[in-house]
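Thanks for coming. I have one structure to go through today, and I will take the helices before the empty spaces.

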Amino acid sequence: MSETRRGPRERMVFSAAQLIRRDGVAATGMREVAAHAGAPRGSLQHYFPGGKEQLVNEAVGWAGRYAGKRIARFLAGLEDPTPSGLFAAMVAQWTDEYAADGCTTGCPVAAAVVDCAAAGGSTREAAAAAFTTWRTPLAEALTGMGVPAARAESLATLMISTLEGAILMARAEQDLQPLTTAVRELGPLLDAAVAPAP
C-alpha cells in the first residue's frame, strides 16, 4: 500500500506492524509509532483509546490480512500453480527482502506471540486470529490445486509454521539457507499431496 493512500489511523497501524516486525512488541513504543507514521502523538489516544494493546492487536490483524491477501497474488504469478510453487513464492518474499536489506525483520504476528503469549489476553487472541486469516486462503488455494480438503488445512499449517521457523533461523544465523532449505525439502511433500487426476 502506498503511504499517500493511507489515512492517519491506517498509517499508524502500518507503522506499528513495521516496527514490531523489526523490534518486537516490548521495544515498540507509542512515540516511535507516531514518529514513524508522521502523526501527532495526541492522535494515538484519539484513534486507539485502548492504548498500546489495541494498536498492537490491530497491527497484528493487519499483518494477518496482508499475508492472507498475498496468497492470491502469489497464485496469480505462477504460470503452472503447484503447492511447491506457491510455497516457494511465499518464501521468495522473504529471501528477496533479506537479500536486499539483510535479515533484520520478521513477521509481526510471530513477534507478538513471542512477546505477549505468556500474558494471554487479547494480543494472543489477535495473533491466533491473524494466523487463521492467513491459513484459510492458503488451504483454499491448496484445495484448488487438487489437495484433498481433508489435508489442505493441515498442510497450510505446516507451510506457515515452516516459513515462520525458517524466518527465525535466517535472522539468527544472518543467512538465507534456512529459507532455501525449507523450499527444497518441503516442496516435494506438498506436491505429493495433490490427488491424482481420475
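Start with helix α8, and keep in mind that this is a predicted model. α8 has 25 residues, and at 1.5 Å a residue they should span 36 Å; the end C-alpha atoms are 36 Å apart, so the expected and computed lengths agree. On this helix the buried residues are A152, L155, A156, M159, I160, L163, E164, A166, I167 and A170. They pack against α5, α6, α7 and α9, the last of these being residues 177-192. Just after α8 comes Q174, which takes a positive phi of about 50 degrees.

Take one residue from that list. L155 is found in helix α8. Is L155 buried or exposed? Its relative accessibility is 4%, and the cut-off for buried is under 20%, so L155 counts as buried. Leaving out residues up to four places away in sequence, L155 touches L142, V147, L189, L190 and A193. A193 is 38 residues from L155 along the chain, and the two C-alpha atoms are separated by 8.7 Å.

Next is helix α7, residues 121-144. The same check on length applies here. With 24 residues at 1.5 Å each, α7 should span 34 Å, and its end C-alpha atoms are 35 Å apart, which agrees. Its buried residues are T123, A126, A127, A130, W134, R135, L138, A139, A141 and L142. What covers them? The cover includes α4, α5, α6 and α8. After α7 there is G146, with a positive phi near 105 degrees.

Two more residues, for contrast with L155. D191 lies in helix α9. At 31% relative accessibility D191 counts as partly exposed, because that value falls between the 20% and 50% limits. Outside its own stretch of sequence, that is, not counting residues up to four places away, D191 touches T82, P83 and S84. D191 and T162 are 29 residues apart along the chain, with 16 Å between their C-alpha atoms.

The other one is Q45, in helix α3, residues 41-47. Q45 has a relative accessible area of 64%, so it is exposed. From Q45 to T82 is 37 residues in sequence and 46 Å in space, C-alpha to C-alpha.

Now the annotations from the record. The entry is an unreviewed UniProt one, and it has "domain: HTH tetR-type" over residues 6-66. In the model that span is 77% helix and 0% strand, and its end C-alpha atoms lie 15 Å apart. The same annotation source, again as an unreviewed entry, gives a "DNA-binding region" covering residues 29-48. For residues 29-48 the figures are 75% helix and 0% strand, with 13 Å between the end C-alpha atoms.

On to the empty spaces. Rolling a probe the size of a water molecule over the atoms shows where empty space is left. How many cavities of 30 Å³ or more does a search of the whole structure find? The search finds 1. The largest cavity has a volume of about 40 Å³. Its lining is made up of A16, I20, T28, G29, M30, V33, K52, L55 and V56. The elements that give two or more residues to this lining are α1, α2 (30-37) and α4. Of these, α4 gives the most, with 3 residues. By class, the cavity lining has 6 nonpolar, 2 polar and 1 charged residues.

Last, the pockets. The largest pocket has a volume of about 550 Å³. It is lined by 27 residues, and those nearest its centre are W62, Y66, A67, R70 and Q93. Which helices supply at least two residues each to the lining? They are α1 (8-23), α4 (51-76), α5 (83-101), α6 (108-116) and α8 (149-173). As with the cavity, α4 gives the most, here with 11 residues. The pocket lining divides into 16 nonpolar, 3 polar and 8 charged residues.

To pull some of this together around single helices: α4 is among the elements covering the buried residues of α7, and α4 also gives the most to the lining of the largest pocket. α8 is likewise part of the cover on α7, and α8 supplies at least two residues of the pocket lining. That is what I have for today.

Methods: Residues are numbered from 1 along each chain as its sequence is written. This is a predicted model: local features need pLDDT of at least 70, side-chain atom pairs count only at pLDDT 80 or more; totals for chains, interfaces and linings use all residues. Side-chain values use heavy atoms; hydrogens and water are left out. On a 1 Å grid over the protein atoms alone, a cavity is a set of points where a 1.4 Å probe fits but cannot get out, and a pocket is an open set with protein on both sides within 12 Å along at least five of seven lines; lining residues have an atom within 4 Å of a point. Grid points are joined across faces, edges and corners, and a volume is the space filled by probe spheres set on the points. Helices (H or I, at least four residues) and strands (E, at least two) are DSSP runs, numbered from the N terminus. Ala, Val, Leu, Ile, Met, Phe, Trp, Tyr, Cys and Pro count as nonpolar, Asp, Glu, Lys and Arg as charged, and the others, Gly among them, as polar. The expected span of a helix is 1.5 Å times one less than its number of residues. Buried means under 20% relative accessible area, exposed over 50%, partly exposed in between (1.4 Å probe, protein chains only). Contact means heavy atoms within 4.5 Å. UniProt positions are given in the numbering used here, feature names are shortened, and annotations may be inferred rather than shown by experiment.
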